[in-house]
Amino acid sequence: MGIQLSHIHEVQDSCQEKPSRVKALHTKDQWKNQFNACKNSDKLLVIDFTATWCGPCRFMEPILNEFVDKYSDVEFVKVDVDELPDVATEYGVQAMPTFLLLKRGNQVDRVVGASKDDLQEKIEKHRK
Amino acid sequence: MSIQATCSSFGVGISSFVSPLTRSRHRTLIRAQVQPSEKSVEIMRKFSEQYARKSGTYFCVDKGVTSVVIKGLAEHKDTLGAPLCPCRHYDDKPAEAGQGFWNCPCVPMRERKECHCMLFLTPENDFAGKEQTISFDEIKEATANM
């Protein structure tokens with residue numbers, strides 16, 4: 001199922017005006033792999049918790065693309081809360097978008113809502 | 001599994017004749033790929049225009065944001081029977097829809113004009129536009145590739 005859903009999302013992403021360059025995690029295995037990689041690295045991981053019909057999430061998409069280009073030392077991924085509800089619940093995600101900042105597998109910060117400045121400030125703070 | 005994924009790619013096409021009940025049953029399998037019915041989109045579009053006027057709030061300068069939220073409300077109306085906020089994560093969506101706190105207009109909106117979804121923005125909000133209307137075609141166009 002993961003492969004098929006991934007394919008759908010790739011098609012979906014590629015149809016948008018500016019395709020998302022943020023890696024989407026669709027399955028529990030993809031999530032586990034990403035989390036384990038994060039635990040063994042000093043690299044900051046930013047997780048965008050999103051949903052299909054969340055307007056502010058769509059608003060943040062081009063901003064995240066910009067950040068992917070700007071911060072090559074930071075890893076960006078996105079999780080659809082309807083695809084991985086357990087992960088969203090585990091991190092207490094209630095409103096979308098929620099951006100979770102992890103380092104070595106531990107949460108170091110979070111931003112709730114479509115706030116570019118807030119997110120950028122926290123990325124700058126934790127990426128070193 | 002392949003049937004479910006295949007079905008989802010036809011979401012747009014079948015939405016006009018699939019009953020809400022049928023869609024609801026499929027939803028747990030297809031999840032976010034379901035398109036709302038045109039009837040519900042139109043209901044939520046009209047509601048949004050009326051409530052913006054009533055509350056003195058405005059749509060986002062980016063009507064794409066407005067369109068996505070209206071479709072999200074319509075999708076929840078189809079699948080849950082109530083326009084549950086599409087910008088929140090719930091452990092139990094049917095229970096939340098029954099409880100009503102996050103059904104649009106949600107309690108924070110009714111009490112403090114706080115719409116986290118950016119559907120209804122107070123004039124001083126940086127992202128507030130000047131419009132309280134949105135056409136069905138605008139919604140369709142803004143969400144054509146979803």
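Reader: What share of the contacts in chain B with a separation of 6 or more is accounted for by residues 24 or more positions apart?

Author: In this predicted model, such residues account for 63% of those contacts in chain B. Chain B itself has eight helices and zero strands.

Reader: What makes Leu119(A) a buried residue of helix α5 of chain A?

Author: A residue is called buried when its relative accessible area is under 20%. Leu119(A) is listed as buried, together with Gln120(A), Lys122(A), Ile123(A) and His126(A) of α5(A), residues 116-126; therefore each of them falls under 20%.

Reader: Why are these buried residues said to lie on the same side of α5(A)?

Author: They cover an arc of only 165 degrees around the axis, and therefore they share one side of α5(A). On the other side, Asp117(A), Glu121(A) and Lys125(A) are exposed. The cover over the buried residues includes β2, α3, β3, β4 and β5 of chain A.

Reader: Which residues make the contact between α3(A) and α5(B)?

Author: Helix α3 of chain A, residues 55-70, packs against helix α5 of chain B, residues 63-80, at an angle of about 140 degrees, with the axes 7 Å apart. From α3(A) come Gly55(A), Pro56(A), Arg58(A) and Phe59(A), and from α5(B) come Gly64(B), Val65(B), Val68(B) and Val69(B).

Reader: How many residues of this contact are nonpolar, polar and charged?

Author: The contact of α3(A) with α5(B) has five nonpolar, two polar and one charged residues. Gly counts as polar and Arg as charged; therefore Gly55(A) and Gly64(B) are polar, whereas Arg58(A) is charged.

Terms used. Residues numbered from 1 in each chain as written. Chains lettered and ligands numbered in written order. Predicted model: local features only at pLDDT ≥ 70, side-chain atom pairs only at ≥ 80, totals over all residues. Heavy atoms only, no water. Axes fitted to C-alpha atoms, helices over the stretch in contact; angles between N-to-C directions. Helix = DSSP H or I, 4+ residues; strand = E, 2+ residues; numbered from the N terminus. Contact = heavy atoms within 4.5 Å. Buried < 20%, exposed > 50% of the residue type's maximum accessible area, 1.4 Å probe, protein only. Arc of directions from axis to C-beta.
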